[in-house]
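Take a look at the structure below. This report walks through its spaces, its charged pairs and a few of its residues.

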Amino acid sequence: MHGAFADSRDWLPQLDGLSDEFTVVAWDAPGCGGSFDPPEDFGLTGYADCLADFIHALALERPHVCGLSFGGGLAIELARRHRALPCSLILASAYAGWAGSLGREEAERRRAEFLTNADRPLEEVVREFSTTLFDDSVPDELVDEAVDIMLGATRPAGMRAMGNAFADADLRDALPSIDVPTLLIYGDADQRSPPSPVGEALHAGIPGSRLVVFEGPGHMVNLEAPERFNDEVRTFLRG
């Protein structure tokens, strides 16, 4: 599951790199890519129930569930509401919701930013947002590719629904009940969900979880370091 301002194309390095050994499926979340536009009050529960329906529709029995950023919070909510579904969790650049990981004031600031941006010119918004996603050392070509995906994936309805859902979300109480193997992956240059304190708090809250921090990447750790990301995921799933 991808994050905000994105769709399934954010996972192309994983779809290509892991499909030799695993069946790899990436979705377009409601409000993104080719999926339907949800209401503004869809909430993280709405996303999680929709994801559960998606898993059932594809007859994916107990899949390993991987989410980045918003998608990581969604994976946690899926594990809470549909405990029998995930076989394991891979949480990349993840939060326990904005409220749960960043506090109410910052959650409300980000909500307001998303709602305001939904009414602004998309290219202007995407260009600004992209500056928070990558380390400064990332090649311009990679950033341009990500921007192209964001421009094709993002719609105002998705921005509003995701902004509201994640601002309202505080998943800290769900962490101790996660009883499947869990891998946490962060980049040490992440501006949006820094491994300290965000990743460390999730690691402390999820029993038996493993935390891996890559030196160099920012928020889009799967795109900035795809080979290492795939290696970590492959090793985890084999175990």
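Helices and strands are DSSP runs, with at least four residues for a helix and at least two for a strand, and they are numbered from the N terminus. Keep in mind that this is a predicted model.

**A loop residue: Leu175**

Leu175 sits in the loop between α8 (156–168) and β3. Is Leu175 buried or exposed? Leu175 counts as buried, because its relative accessibility is 4% and buried means under 20%. Which residues does Leu175 touch, leaving out those up to four places away in sequence? They are Ile76, Ala201, Leu202, Gly205, Ile206 and Pro207. Ala79 makes another useful reference point. Leu175 and Ala79 are 96 residues apart in sequence. In space, their C-alpha atoms are 9.4 Å apart.

**A second loop residue: Asp190**

Asp190 lies in the loop between β3 and α9 (195–205). Asp190 is buried too, with a relative accessible area of 5%. Setting aside residues up to four places away in sequence, Asp190 touches Ser93, Pro195, Pro217, Gly218 and His219. Asp190 and Leu133 are 57 residues apart in sequence. Their C-alpha atoms are 7.3 Å apart in space.

**Open and closed spaces**

Start with the largest pocket. It holds about 570 Å³ of space. Its lining has 24 residues. Thr23, Val24, Val25, His64 and Cys66 lie nearest the centre of this pocket. Which elements each supply at least two residues of the lining of the largest pocket? They are α1 (12–18), α2 (43–57), β1 (64–68) and α11 (226–238). By class, the lining of the largest pocket has 20 nonpolar residues, three polar and one charged.

Now turn to the cavities. A search of the whole structure finds three of 30 Å³ or more. The largest cavity has a volume of about 170 Å³. It is lined by 21 residues, and Gly3, Ala4, Ser69, Phe129 and His219 are the closest to its centre. His219 is also one of the residues that Asp190 touches. The helices α7 (140–153) and α8 each give at least two residues to the lining of the largest cavity. That lining divides into 16 nonpolar, three polar and two charged residues.

The second largest cavity has a volume of about 70 Å³. Its lining is made of Ala79, Arg80, Arg83, Pro86, Ala174, Ser177, Ile178, Asp179 and Val180. Five of these lining residues are nonpolar, one is polar and three are charged.

**Salt bridges**

How many salt bridges are there? The count comes to 22. Three of them are set out here.

| Pair | Closest N to O distance |
|---|---|
| Arg9 and Asp7 | 2.9 Å |
| Glu106 and Arg109 | 2.9 Å |
| Glu113 and Arg109 | 3.9 Å |

In the Arg9 and Asp7 pair, Arg9 is partly exposed, with a relative accessible area of 33%. Asp7 counts as buried, at 4% relative accessibility.

The other two pairs share Arg109. Glu106 and Arg109 both belong to helix α5 (residues 104–117), three residues apart. Glu113 and Arg109 are both in α5 as well, four residues apart. Each of these spacings is about one turn of the helix. Why does that spacing suit a pair? An α-helix has 3.6 residues a turn, so residues three or four places apart point the same way.

How open are these side chains? Glu106 is partly exposed, at 23% relative accessible area. Arg109 is partly exposed, at 43%. Glu113 counts as partly exposed, at 29%. Elsewhere, salt bridges that share partners join Asp20, Glu21, Arg234 and Arg238 into one network.

**Helix α11**

Helix α11 appeared earlier in the lining of the largest pocket. It has 13 residues. From its first C-alpha to its last, α11 reaches 18 Å, close to the 18 Å expected at 1.5 Å a residue. Which residues of α11 are buried? They are Phe229, Asn230, Glu232, Val233, Arg234, Phe236 and Leu237. One of them, Arg234, belongs to the salt-bridge network. What do the buried residues of α11 pack against? Their partners are α1, β1, β2 (88–92), β3 (182–187), β4 (210–214) and α10 (221–224).

Terms used. Residues numbered from 1 in each chain as written. Predicted model: local features only at pLDDT ≥ 70, side-chain atom pairs only at ≥ 80, totals over all residues. Heavy atoms only, no water. 1 Å grid on protein atoms, 1.4 Å probe; cavity = no way out; pocket = protein on both sides within 12 Å on 5 of 7 lines; lining within 4 Å. Points joined across faces, edges and corners; volume = space filled by probe spheres on them. Nonpolar A, V, L, I, M, F, W, Y, C, P; charged D, E, K, R; others polar. Salt bridge = Lys/Arg side-chain N within 4 Å of Asp/Glu carboxyl O. Buried < 20%, exposed > 50% of the residue type's maximum accessible area, 1.4 Å probe, protein only. Expected span 1.5 Å × (residues − 1). Contact = heavy atoms within 4.5 Å.
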